[in-house]
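Open the model in a viewer and keep the sequence panel visible. The stops below are meant to be selected in order.

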Amino acid sequence: MKERQLLKNIKQLKLKYFGHVVRHNNLEKLCLEGAVEGRRGRGRPRRRWAQDISDWLGFSVREASILAQDRDGFRSAVWEATSYKDPP
């Protein structure tokens with residue numbers, strides 16, 4: 001049960017930080033939206049920070065960015081993404 005609560009807290013903090021960064025025009029937002037030039041490394045691609053956001057919210061990162069502009073709507077989406085439903 002503690003692991004479940006820890007994962008929920010991590011998800012909430014990560015999603016809240018995403019909303020905070022997207023609502024402001026700063027270096028963090030530029031890093032989040034930017035792309036690195038050059039060739040990608042060999043092997044399987046690493047898991048990206050933005051992939052967690054889109055998987056948890058069920059939206060693309062662009063849609064989540066638009067949703068984050070509405071704080072109340074974004075809060076309810078974060079709550080929905082982090083609340084656990086008991087299996088039947």
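This tour of a predicted model goes from one helix to its packing partner, and then to a few side chains and salt bridges.

**Stop 1: helix α4.** Select residues 61-68, which make up α4. Colour Ala64, Ser65 and Ala68, the buried residues of this helix. Now look down the axis of α4: the buried residues fall within an arc of 105°, so they line one face of the helix. On the face turned away from that buried side, find the exposed residues Arg62 and Ile66. To see what covers the buried residues, show α1 (2-23), α3 (49-57) and α5 (71-82), which are among the covering elements.

**Stop 2: α1 against α4.** Keep α4 and add α1; the two axes come within 9 Å and cross at roughly 75°. The crossing makes α1 roughly perpendicular to α4. On the α1 side, the contact is made by Phe18, Gly19, Val22 and Arg23. Val61, Ala64, Ser65 and Ala68 make it from the α4 side, and three of these residues, Ala64, Ser65 and Ala68, are the buried ones from the previous stop.

**Stop 3: Lys11.** Stay on helix α1 and select Lys11. This lysine is buried but has no salt bridge. Draw a distance to Asp52, the nearest side chain of opposite charge, and the value is 8.8 Å. Apart from neighbours within four places in sequence, the contacts of Lys11 are Trp56, Ala81 and Thr82.

**Stop 4: Lys14 and Asp52.** Which residue does Lys14 pair with in a salt bridge? The partner is Asp52, with the closest N and O atoms 2.6 Å apart. Lys14 sits in α1 and Asp52 in α3, so the pair ties together parts that are 38 residues apart in sequence. Asp52 counts as buried, at 14% relative accessibility.

**Stop 5: Trp49.** Move along to Trp49, also placed in helix α3. Its relative accessible area is 31%, which makes Trp49 partly exposed. Leaving out neighbours within four places in sequence, Trp49 touches Lys14, Tyr17, Phe18 and Leu32. For a sense of scale, pick Asn26 as well: Trp49 and Asn26 are 23 residues apart in sequence and 18 Å apart in space, C-alpha to C-alpha.

**Stop 6: Arg75 and Asp72.** A search of the whole structure finds two salt bridges. Besides the pair at Lys14, there is one between Arg75 and Asp72, at 3.4 Å from N to O. These residues are three apart in helix α5, which separates them by about one helical turn. Arg75 is partly exposed, with a relative accessible area of 48%, and Asp72 counts as exposed at 57%.

Note on methods. Residues numbered from 1 in each chain as written. Predicted model: local features only at pLDDT ≥ 70, side-chain atom pairs only at ≥ 80, totals over all residues. Heavy atoms only, no water. Buried < 20%, exposed > 50% of the residue type's maximum accessible area, 1.4 Å probe, protein only. Helix = DSSP H or I, 4+ residues; strand = E, 2+ residues; numbered from the N terminus. Arc of directions from axis to C-beta. Contact = heavy atoms within 4.5 Å. Lys, Arg positive; Asp, Glu negative; His and termini not counted. Salt bridge = Lys/Arg side-chain N within 4 Å of Asp/Glu carboxyl O. Axes fitted to C-alpha atoms, helices over the stretch in contact; angles between N-to-C directions. Parallel < 35°, antiparallel > 145°, perpendicular 65-115°, else oblique.
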